[in-house]
Amino acid sequence: MIRHLLSGGDLDAGTATEILDTAAEMATVAGREVKKLPALRGRTVVNLFYEDSTRTRISFEAAAKRLSADVINFSAKGSSVTKGESLKDTALTLQAMGADAVVVRHPASGAPHRLANWLDGSVVNAGDGTHEHPTQALLDAYTMRARLGRLAGLHVAIVGDVLHSRVARSNVLLLSTLGAKVTLVGPPTLIPVDWAARAGVGSAATDADPGTDVCYDLDAVLPGVDVVMMLRVQRERMNDSYFPSAREYARRYGLDGPRLRRLPEHAIVMHPGPMNRGMEITPEVADSPRSTIVEQVANGVSVRMAVLYLLLGGNNR
Ligand code: NCD
């Protein structure tokens, strides 16, 4: 097993599958009256959150508690970070308190990698800037496998603000390792130029990468996919205007009822949350039986239990 989980690219197919299989076992705990295993008793997990979060923070906390770890929740607001304490000094403080694992969310891409150099324990990236969010990719893969029975050979469309999405980046890396094909869909302004180039699309086209495709036309992609993953338009990370108006965006790239009906019968709709209802997804779609949005949240706890268990208590310590 690896020591840190920083990127979707850290996992080979064997390790990723081991995490998904362990998560399936962890999921049985959620159905019990006492939702607890003693696996991480005496271990300390610190949740270090420098950026807002609902699902991910609560999910990691629930996961660590279900494994009986001691959990310390640190949020930058109300800490000495507001007095200017550096990430390194905060890390050394956590180290002195005996943190076995640090789960970190940070607005700066690469912050978890820096932390991993300073700490003896394990570091789990819970989202760094616009870079990566590997446990989200794992819970998405888990949800696809649970609903559709496999990952190899699936066609997954990831739609919307790909440029600012750490969820998209981690999913592309993990899904290609697990044998799924990904098509990135969005306005040209919100698809990273290098990804479009690698997919052979646009003026900078280079040798095509067979695993990842780019398409600017959502309607053309929908009839051929098994999964459509909608991304939130991340206005907090946008200084400029990337599209003419919210209405125009919704018209071209929003998933609504008529578009839902153009998907194959078995296809599922995913969204990592939080949603902009009415922008990238209509309430009709978000609340439909084809949507796995609530399941993704539940699966997130099982997947994070598996990650913490394998990093800390699992087979090599
Ligand atoms: C995502 C995130 O924070 O990266 N949400 C999540 O973790 N469930 C996606 C987003 O903010 O849009």
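**Domain organisation and the ligand site**

In this predicted model, the domain assignment divides the chain into domain 1 (8-133 + 297-316) and domain 2 (134-292). The contact between these domains takes 32 residues from domain 1 and 26 residues from domain 2, while the C-alpha centres of domain 1 and domain 2 lie 26 Å apart.

The ligand occupies the largest pocket, and the shell of residues around the ligand draws at least three members from each of domain 1 (8-133 + 297-316) and domain 2 (134-292). This shell consists of Thr56, Arg105, His133, Gln136, Arg166, Val167, Arg232, Gln234, Pro272, Gly273 and Pro274. When the residues of the shell are sorted by class, three are nonpolar, five are polar and three are charged.

Polar contacts to the ligand involve both side-chain and backbone atoms of the protein, as the cases of His133, Gln136 and Gly273 illustrate. In the side chain of His133, an N or O atom is placed 2.8 Å from an oxygen atom of the ligand. For Gln136, a polar atom of the side chain is found 3.4 Å from a nitrogen atom of the ligand. Gly273, in turn, contributes a polar backbone atom, which lies 2.9 Å from a nitrogen atom of the ligand. Of the 310 Å² of accessible area that the ligand has on its own, the protein covers 94%.

Taken together, the ligand in the largest pocket is surrounded by residues drawn from both domain 1 and domain 2, with His133, Gln136 and Gly273 among the residues that supply polar atoms to it.

How values were computed. Residues numbered from 1 in each chain as written. Predicted model: local features only at pLDDT ≥ 70, side-chain atom pairs only at ≥ 80, totals over all residues. Heavy atoms only, no water. Near = heavy atom within 4 Å. Polar contact = N/O pair within 3.5 Å; in protein donor to acceptor, adjacent residues only side chain to side chain. Areas by Shrake-Rupley, 256 points an atom, 1.4 Å probe, with all protein chains shown as cover. 1 Å grid on protein atoms, 1.4 Å probe; cavity = no way out; pocket = protein on both sides within 12 Å on 5 of 7 lines; lining within 4 Å. Sits in = over half its atoms within 2 Å of the grid points. Nonpolar A, V, L, I, M, F, W, Y, C, P; charged D, E, K, R; others polar. Domains from an automatic or database assignment. Contact = heavy atoms within 4.5 Å.
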